[in-house]
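Here are a few exercises to work through with the model open in your viewer. Try each task before you read its solution.

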Amino acid sequence: MNEKIKISVLFVEDDPITTSFYKRVLAPLVSELLIADNGKTGAELYKAHRPDLVITDVAMPVMNGLEMIEEIRAYDREARFIIMSAFEEPRKFMEEHRVDKNDFLAKPVERNKLQMLITKVSSIIQLEKEIKTEREKNKHQQQLLIHKSKLESLGKLAAGIAHEINQPLGGIAMSIENMHYKLNEEGTDKKYFHDKIESINENINRINQIIEHIRVFSRAQGSELKVEFSVKEAIYNALSLTQTQLHNNGIETDLKTSDKPFIVLGNKFKLEQVLINLITNSRDALIQKRKNFDDSFKPLLTIRTQQSGQNILIDVEDNGSGIDKDTAQLIFDPFFTTKSEGQGTGLGLSISYGIIKEMQGDIEVFSEPSKMTRLRITLPIITKS
């Protein structure tokens with residue numbers, strides 16, 4: 001066997017003669033070989049170097065092999081072991097600690113048998129590394145798509161965001177103009193100026209909050225960011241970015257949220273992204289339906305929350321054009337869209353589905369053509385003891 005196997009191995013054995021023999025066998029075979037003469041040193045070497053495979057004896061001083069495996073397992077649940085022993089004692093331990101029975105070698109171990117086992121384990125390790133690399137690549141691509149979708153949402157909402165900022169800016173400008181006018185009058189009222197300054201500060205704080213929220217919302221965030229947050233707050237934030245566009249298109253909003261905040265685990269800004277996507281989809285459906293009706297049609301968007309067992313249900317419902325059963329089965333597929341060319345990428349609902357699944361939740365669609373569409377998000381609630 002001329003070519004070395006591309007894995008690192010930690011060999012743990014207290015007998016120097018046995019160690020010398022296996023060192024001669026393993027050193028030409030693997031890309032890196034670490035040696036320890038007891039379980040304590042073995043555990044320390046594992047934490048320092050994270051080798052691909054640990055080959056260990058059982059009976060050793062200071063810390064035996066089974067105790068070392070327990071310590072390493074607590075540090076890294078995916079650690080892989082081959083146990084060597086002249087006794088049957090480790091077999092029960094192996095069953096309890098996810099060590100494959102085929103990874104047990106009875107002493108004395110034949111050279112060829114050890115080489116074959118290491119070759120087999122190496123193939124499995126290499127395959128696992130390739131799968132992990134592909135998963136990380138796909139995960140990165142998914143995060144890029146989520147971020148792209150988020151920025152597209154902000155682009156579509158730009159007019160509404162500008163309106164949200166212009167309102168407090170108008171208040172500031174008016175307050176300053178009034179203060180300037182008052183300065184030219186006799187008998188300056190300090191309370192009047194104090195109140196106006198308070199008003200200006202409030203408007204400045206409101207602008208700061210809007211800008212800060214947009215800044216954090218638009219920032220690329222990985223799935224690893226998971227914190228406890230209030231669903232109600234996420235709904236209000238999503239509405240704050242969409243309310244102006246709804247109002248400008250004559251769409252009434254009916255918000256029916258529970259008094260309970262409903263705490264869930266995940267990324268608040270990603271849930272906001274999902275809600276913004278559902279709200280804008282409803283807006284588009286309502287605008288489309290209104291084109292086919294007279295002024296008697298009253299477009300309505302309803303957002304409601306309710307508890308169901310240990311879950312919260314978030315419904316985003318509209319009385320728009322609706323979708324048929326066949327279309328409903330396709331809406332979460334990537335690149336599927338019912339919108340005209342240039343109006344949608346077909347990624348919004350697919351990305352929303354992935355975000356909700358990432359939060360251990362579910363998202364479903366209920367619709368009646370020409371009558372209504374309801375998207376329901378189900379998320380597990382965190383209960384406080």
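**Exercise 1: a salt bridge and its exposure**

In this predicted model, the side chains of lysine 371 and glutamate 368 meet in a salt bridge, with N and O 4.0 Å apart. Work out whether each partner is buried, partly exposed or exposed.

Solution. Start with the cut-offs: under 20% relative accessible area is buried, over 50% is exposed, and anything in between is partly exposed. Lysine 371 comes out at 52%, so it counts as exposed. Glutamate 368 has 39%, so it goes down as partly exposed.

**Exercise 2: another pair**

Find the salt-bridge partner of lysine 357 and classify both residues.

Solution. The partner is aspartate 362, and the closest N and O atoms are 3.4 Å apart. Lysine 357 has a relative accessible area of 36%, so it is partly exposed. Aspartate 362, at 28%, is partly exposed too.

**Exercise 3: a sheet and a buried pair**

Lay out the open sheet of 5 strands, then say which parts of it aspartate 315 and arginine 376 tie together.

Solution. First, the strand order is E7-E9-E10-E12-E11, with mixed pairing. E7 (252-256) and E11 (362-368) are the edge strands: each has a single partner strand, so one side of each has no neighbour in the sheet. From one strand to the next, the twist averages 15°.

Next, look at E7 and E9 (residues 300-308), which run parallel and are joined by 5 bridges. Lysine 256 has arginine 304 as its bridge partner in E9.

Now the pair itself. Aspartate 315 and arginine 376 form a salt bridge at 2.8 Å, N to O. Aspartate 315 sits in E10 and arginine 376 in E12, so the pair links parts 61 residues apart in sequence. Both residues are buried. They also belong to a network of salt bridges with shared partners, which takes in Arg304, Glu317 and Arg374 as well.

**Exercise 4: two helices**

Describe how H8 (residues 231-248) and H9 (residues 268-291) pack, on each other and on the sheet.

Solution. Take the axes first: they come within 9 Å and cross at roughly 35°. The crossing is right-handed. Then check the contact residues, including Ala234, Ile235 and Leu239 of H8 and Leu271, Leu275 and Ile279 of H9. The whole set divides into 10 nonpolar, 3 polar and 4 charged.

Finally, add the sheet. H8 lies across E7, E9 and E10 (311-318), at about 175° to E7. H9 touches E9, E10, E11 and E12 (372-380), and its direction makes about 25° with that of E10.

Terms used:
Residues are numbered from 1 along each chain as its sequence is written. This is a predicted model: local features need pLDDT of at least 70, side-chain atom pairs count only at pLDDT 80 or more; totals for chains, interfaces and linings use all residues. Side-chain values use heavy atoms; hydrogens and water are left out. Axes are lines fitted to C-alpha atoms, for helices over the stretch in contact, and angles run from 0 to 180 degrees between N-to-C directions. Helices (H or I, at least four residues) and strands (E, at least two) are DSSP runs, numbered from the N terminus. A crossing is left-handed if the near helix is turned anticlockwise from the far one by less than a right angle, and right-handed if clockwise. Contact means heavy atoms within 4.5 Å. Ala, Val, Leu, Ile, Met, Phe, Trp, Tyr, Cys and Pro count as nonpolar, Asp, Glu, Lys and Arg as charged, and the others, Gly among them, as polar. Two strands pair if DSSP finds at least two bridges between them. Buried means under 20% relative accessible area, exposed over 50%, partly exposed in between (1.4 Å probe, protein chains only).
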